[in-house]
Amino acid sequence: RFDLEVDHRKISVAQSRGRQPAPVEDMPQAASVIDATPSLHALPQSGETRIVFCGHQVQTERSHQVKMVVTVEWDGTRYDGEATGPDVPRNRLEAVASATLTAIEAALASEEPKELPALVLDGVKSVEAFDRKYVLVSVHAITGRNRTALAGSAAVDDSPDRAVIMATLQATDRWVRGRI
């Protein structure tokens, strides 16, 4: 449906016959529990708020363009950011980072700060290190005459798009929390 290749060695579906899984308390000590939270960004500690990633959509347009829509949540309200770019690997990653920054800016605008900051994408780079693939994101946060360079990184586990979103949130997290 999404025209994606799936490695069936990594993804499988199992069907059960009415058996309910054992409660977490009954699991053996060595078992691990997978967090099924829709957000991949770390959830806030008590009294601390963060912009949380909720999801993203990819729409391919006729003219070999890709439209990215990223949804984040801040203080119980969801914000969407959109960006469009050519459907080629590097520009696709830049489009998803720009959409993430647009969503973050929308959340910041809801707080009505004295001076609305601008988050400008400097670049996105995919690198190989330590036998893994990582994404690096560089952002400029501009407030008045002040410019702050921000950077974030994330391992590419399931999709490069998701890794870019997480790296962009990591780059902006502390800076944003310091402003809101």
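**Exercise 1. Is Asp-87 buried, partly exposed or exposed?**

*Solution.* The structure is a predicted model. The relative accessible area of Asp-87 is 34%. Buried means under 20% and exposed means over 50%, with partly exposed in between. Asp-87 is therefore partly exposed.

**Exercise 2. Determine which residues are linked with Asp-87 in a network of salt bridges, and describe each link.**

*Solution.* Begin at Asp-87, which forms a salt bridge with Arg-92; the closest N and O atoms are 3.4 Å apart. Next, turn to Arg-92, whose side chain also meets that of Asp-161 in a salt bridge, at 3.1 Å from N to O. This second pair links distant parts of the chain, since Arg-92 belongs to helix H1 (residues 89-110) and Asp-161 to helix H2, 69 residues apart. The network thus consists of Asp-87, Arg-92 and Asp-161. Finally, consider accessibility: Arg-92 is partly exposed at 23%, whereas Asp-161 counts as buried at 7%.

**Exercise 3. Explain why the salt bridge between Arg-132 and Asp-157 ties together separate parts of the chain.**

*Solution.* First, establish the pair: the side chains of Arg-132 and Asp-157 meet at 2.3 Å, N to O. Then place both residues. Arg-132 lies in strand E5 (residues 132-143) and Asp-157 in the loop between strand E6 (146-155) and H2, so the pair joins parts that are 25 residues apart in sequence. As to accessibility, Arg-132 is partly exposed at 36%, while Asp-157 is exposed at 60%. A search of the whole structure finds seven salt bridges.

**Exercise 4. Describe the surroundings of Val-164.**

*Solution.* Val-164 is located in helix H2. Its relative accessible area is 0%, and because buried means under 20%, Val-164 is buried. Leaving aside residues up to four places away in sequence, Val-164 touches Leu-93, Val-96, Ala-97, Val-124, Val-135 and Val-137.

**Exercise 5. Which residues line the largest cavity, and how do they divide by type?**

*Solution.* The search of the whole structure yields one cavity of 30 Å³ or more. The volume of the largest cavity is about 50 Å³. Its lining is formed by Ile-51, Ile-104, Leu-169, Thr-172, Asp-173, Val-176 and Arg-177. Sorted by type, these residues comprise four nonpolar, one polar and two charged. Helix H2 (residues 160-179) supplies the largest share of the lining, five residues.

**Exercise 6. State the order of helices and strands along the chain.**

*Solution.* The chain has two helices and six strands. Read along the sequence, they follow the pattern β-β-β-α-β-β-β-α.

Definitions and conventions:
Residues are numbered from 1 along each chain as its sequence is written. This is a predicted model: local features need pLDDT of at least 70, side-chain atom pairs count only at pLDDT 80 or more; totals for chains, interfaces and linings use all residues. Side-chain values use heavy atoms; hydrogens and water are left out. Helices (H or I, at least four residues) and strands (E, at least two) are DSSP runs, numbered from the N terminus. On a 1 Å grid over the protein atoms alone, a cavity is a set of points where a 1.4 Å probe fits but cannot get out, and a pocket is an open set with protein on both sides within 12 Å along at least five of seven lines; lining residues have an atom within 4 Å of a point. Grid points are joined across faces, edges and corners, and a volume is the space filled by probe spheres set on the points. Ala, Val, Leu, Ile, Met, Phe, Trp, Tyr, Cys and Pro count as nonpolar, Asp, Glu, Lys and Arg as charged, and the others, Gly among them, as polar. Buried means under 20% relative accessible area, exposed over 50%, partly exposed in between (1.4 Å probe, protein chains only). Contact means heavy atoms within 4.5 Å. A salt bridge is a side-chain nitrogen of Lys or Arg within 4 Å of a carboxyl oxygen of Asp or Glu.
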